[in-house]
Amino acid sequence: MIKPSKKPSLLGPGGSGEMAMAAFDAGADMVYMGPRGWSRRTRAYEVEDDVIKRVADYANKKGKVLKLAFNTLPSSGELPAGLKAIEKYWKMGVKQFIMTDPGFVNQVKKRFPESIITASVGCSVMNIEEFRFYKEIGFDVMVAPCEMTIGEIEDLRQKFDGEIEILIHANRDYTYLGRCIMSSYFKFKHSIDDRGKDNFFGSPNRGGLCYRVCKSSWNGICRGNRKFTGKDLGNYCYLSLREIPDYIRLGIDCLKIQGREYSTSLVREIVSFYRELIDACFDDLSAVDDPIWEERILQLGIKRDSQRDKRTNALLDECTGRGEQIFARLDSIENFR
Ligand code: SF4
């Protein structure tokens with residue numbers, strides 16, 4: 001069998017300075033963090049400037065990469081603050097950014113032509129023409145949607161000559177991540193902070209967050225009296241395993257692990273698992289057949305689910321005040337099919 005020509009980079013989460021360092025030390029080539037107010041996560045998992053400086057210095061010293069997520073959608077009034085923030089981090093040695101808004105990217109590319117911009121999963125780039133379009137307007141790396149099959153990814157790889165990133169641990173949202181507005185119906189408030197950043201609490205796209213309202217025990221009754229609940233929605237978290245050799249064989253550029261909300265020790269374990277798996281499969285694609293990987297990933301999944309469930313309940317509680325209890329009963333959705 002021909003040896004693959006290139007190993008994908010492994011991108012891990014940095015929900016805190018400690019987590020970022022742990023991810024690097026466990027084998028991540030890159031780590032992403034969210035500067036306060038600019039990423040699609042709550043403040044608890046975003047970081048202050050002194051932490052960014054420390055992690056950027058560490059990454060640069062080790063020949064690794066820190067990516068900063070600026071993947072909210074800024075209003076015209078927020079753009080100057082956003083550009084000022086990018087400039088500040090650029091001076092700290094950060095050259096890569098995860099972004100969603102094409103207007104914002106256009107401005108960043110004009111000022112920092114050497115910057116490397118990843119189109120956030122929030123862009124919901126779906127098809128080959130969208131991949132090409134985003135590349136044309138200045139994005140350098142495109143995230144493939146979580147719903148793509150290996151066949152679709154193979155087709156994309158053959159037709160698209162830009163960099164492709166794939167999420168190997170993430171949530172598969174039935175609504176598509178960047179297009180869900182469910183939480184904004186439950187947290188309808190916003191406030192402008194001291195930097196001119198407008199924070200909408202129910203909208204991850206506008207600097208707030210997703211409260212996972214889809215995961216609560218709500219009920220709906222559709223035409224024909226058919227019932228459905230939040231649990232029927234195809235929204236679940238996955239850890240890729242069998243796909244890893246395919247991603248290596250296809251020459252995918254980057255494999256990303258989501259998880260800023262998890263504990264540092266769990267992130268360390270997940271990153272280290274994928275570091276070992278990618279290295280083993282790069283040497284021999286059939287290495288994935290060893291049952292040890294299945295056993296290990298099962299254990300990781302159990303730990304991950306326990307932490308994620310607690311987090312989901314806390315989010316629902318914060319949003320509705322009733323934890324995972326029913327907070328909405330949709331007694332009829334007239335036009336639901
Ligand atoms: S509310 Fe549910 S479907 Fe919407 S972004 Fe959050 S997790 Fe995804």
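Me: Which residues of helix α4 are buried?
Reply: This is a predicted model, in which local features need pLDDT (the predictor's confidence in each residue, from 0 to 100) of at least 70, side-chain atom pairs count only at pLDDT 80 or more, and totals for chains, interfaces and linings use all residues. Residues are numbered from 1 along each chain as its sequence is written. A residue is buried if 20 or more other C-beta atoms, placed from the backbone, lie within 10 Å of its own, exposed if 12 or fewer, and partly exposed in between. In helix α4, residues 102-111, the buried ones are F104, V105 and V108.

Me: Why do they lie on the same side of α4?
Reply: An α-helix has 3.6 residues a turn, so residues three or four places apart point the same way. The arc is taken over the directions from the helix axis to the C-beta atoms. The buried residues of α4 are on the same side because they cover an arc of only 100 degrees.

Me: And which residues are exposed on the other side of α4?
Reply: Helices here are DSSP runs of H or I with at least four residues, strands are runs of E with at least two, and both are numbered from the N terminus. Opposite the buried side of α4, the exposed residues are G103, N106 and K110.

Me: What covers the buried residues of α4?
Reply: Here contact matters: two residues are in contact if their C-beta atoms, placed from the backbone, lie within 7 Å. The cover over F104, V105 and V108 includes α3 (79-91), β4 (96-99) and β5 (116-119).

Me: Is S115, in the loop between α4 and β5, buried or exposed, or partly exposed?
Reply: Leaving aside neighbours within four places in sequence, S115 is in contact with K95, F97, V108 and K109. The C-alpha atoms of S115 and V94, 21 residues apart in sequence, are 8.7 Å apart in space. With 18 other C-beta atoms within 10 Å, S115 is partly exposed.

Me: What is the phi of S124?
Reply: S124 lies in the loop between β5 and α5 (128-136), where it is partly exposed with 18 other C-beta atoms within 10 Å. Most residues other than glycine have a negative phi. S124 is not a glycine, yet its phi is positive, at about 50 degrees.

Me: How many residues does the largest nonpolar core have?
Reply: Such a core is a set of buried Ala, Val, Leu, Ile, Met, Phe, Trp, Tyr and Cys residues joined through C-beta atoms within 7 Å. Those with the most contacts inside the largest one are V31, M33, L255 and Y274. Helix α8 (residues 264-283) gives this core its largest share, eight residues. The size of the core is 73 residues.

Me: Is I257, in strand β13, buried or exposed?
Reply: Strand β13 covers residues 254-257. Beyond four places in sequence, the contacts of I257 include L11, I168, I270 and Y274, and its C-alpha atom is 8.1 Å from that of I270, 13 residues away along the chain. Because 24 other C-beta atoms lie within 10 Å, I257 is buried.

Me: How about F188: buried or exposed?
Reply: F188 is in the loop between β7 (163-172) and β8 (190-192). Its C-alpha atom is 6.9 Å from that of F201, 13 residues away in sequence. With 11 C-beta neighbours inside 10 Å, F188 counts as exposed.

Me: Which residues surround the ligand?
Reply: A residue is near a molecule or strand if its C-beta atom, placed from the backbone, lies within 6 Å of it. The shell holds six nonpolar, three polar and two charged residues, where Ala, Val, Leu, Ile, Met, Phe, Trp, Tyr, Cys and Pro count as nonpolar, Asp, Glu, Lys and Arg as charged, and the others, Gly among them, as polar. Around the ligand are D173, T175, L177, C180, M182, S183, C210, R212, V213, C214 and N235.

Me: Where is the pLDDT below 50?
Reply: The chain averages a pLDDT of 87, and 89% of the residues score at least 70. The stretch below 50 has 28 contacts in the model beyond near neighbours in sequence. That stretch is residues 323-337.
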